[in-house]
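This report covers the chain as a whole, then its confidence, and finally a few individual residues.

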Amino acid sequence: LVLEPDSSAAHAALALAQLNKYTIEESDPKLLKQARANAELALALDDHLALSHSAKGWVHEYSGEDKLAQQSYQQALLFDPTNFFALEGYGRLLGYMNKYNQAIYIFKQALNFYPKTGLFYNEIGKVYYQLQDFSLAKKYFKQAIEVTPDNIFGYTNLTAIYYIENDFTKAIRILQQGLAIRPHATLYSNIGTIFFTLGKYSQAVSAFEKALNIKGCLLYTSDAA
């Protein structure tokens, strides 16, 4: 933006970055407001750019404006059916709206374009989790880990399935695999939950304290975990 202040794509990308920070690191309403301003400016500069409509869709979605978000995502996909952020946002929104079959369809379309992206396997797994089809959920969480082994949410989501199945040994093993790649608050939180369930309270306390003391990570739990 310093080099090209009138770049629609740059404003849209900045809005998406601000929304990622808003949802994962810092739930500051100012970030949401800044993201809205950048998304609106991106559209004012070029309303034929799919990325601009995707950014506005994310703004609407995280502001609780579901109908407007759906319209923005549909417009983005009209201009570019392969747009990553529109596919991610639209599928996520449909899942939150309990339109599970439509969400799965969008995420599977996304996998046609981005077959090595664990995020979409994870999202499909989360939808099947909501449908209580744990066998399919497990399948997609495993695929998420396979294609992107450094994404810790594949491990936490797969752990949730083993937890439901009371297979705590496998659950802990999966969490250990995640920790071997990168320490994260969610992994320690899930370990603490398993130890608490097993009645190992001192180990549970230790794990929960570890989760709270990790800098730079919110104690985030996915829909499935």
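The model is predicted. With 225 residues, a compact globule would be expected to have a radius of gyration near 17 Å, and the 19 Å of the protein chain agrees with that. Along the principal axes, the C-alpha atoms fill a box of roughly 60 × 35 × 30 Å.

The secondary structure consists of 12 helices and 0 strands. Read from the N terminus, the order of elements is therefore α-α-α-α-α-α-α-α-α-α-α-α.

Of the 225 residues, 46% count as buried. The accessible surface of the protein chain comes to about 11500 Å², and carbon and sulfur atoms account for 54% of that area. When contacts between residues at least 6 apart in sequence are taken, 51% join residues at least 24 apart. The charged side chains comprise 20 positive and 21 negative ones; the centres of these two sets lie 8 Å apart.

Confidence is given by pLDDT, which averages 93 over the protein chain. A score of at least 70 is reached by 95% of the residues. Over residues 216–225, pLDDT stays under 50. For that segment the model has 29 contacts beyond four places in sequence.

Two loop residues deserve a look at their backbone angles. Most residues other than glycine have a negative phi. Asn98 and Gln132 have positive values, as listed below.

| Residue | Phi | Loop between |
|---|---|---|
| Asn98 | near 65° | helix 5 (84–96) and helix 6 (100–113) |
| Gln132 | near 60° | helix 7 (118–130) and helix 8 (134–147) |

Is Gln132 buried or exposed? Its relative accessibility is 62%, so Gln132 counts as exposed, the cut-off for that class being over 50%.

Helix 8, which follows the loop of Gln132, contains Ile145. Ile145 counts as buried because its relative accessibility is 13%, and the buried class covers values under 20%. Which residues does Ile145 contact, leaving aside its neighbours within four places in sequence? They are Gly154, Tyr155 and Leu158. Ile145 can also be placed relative to Thr117: the two are 28 residues apart in sequence, and their C-alpha atoms are 9.9 Å apart in space.

Conventions. Residues numbered from 1 in each chain as written. Predicted model: local features only at pLDDT ≥ 70, side-chain atom pairs only at ≥ 80, totals over all residues. Heavy atoms only, no water. Helix = DSSP H or I, 4+ residues; strand = E, 2+ residues; numbered from the N terminus. Rg over C-alpha atoms; globule rule 2.2 N^0.38 Å. Buried < 20%, exposed > 50% of the residue type's maximum accessible area, 1.4 Å probe, protein only. Contact = heavy atoms within 4.5 Å. Areas by Shrake-Rupley, 256 points an atom, 1.4 Å probe, with all protein chains shown as cover. Lys, Arg positive; Asp, Glu negative; His and termini not counted. Charge placed at Lys NZ, Arg CZ, Asp CG, Glu CD. pLDDT = per-residue confidence, 0-100.
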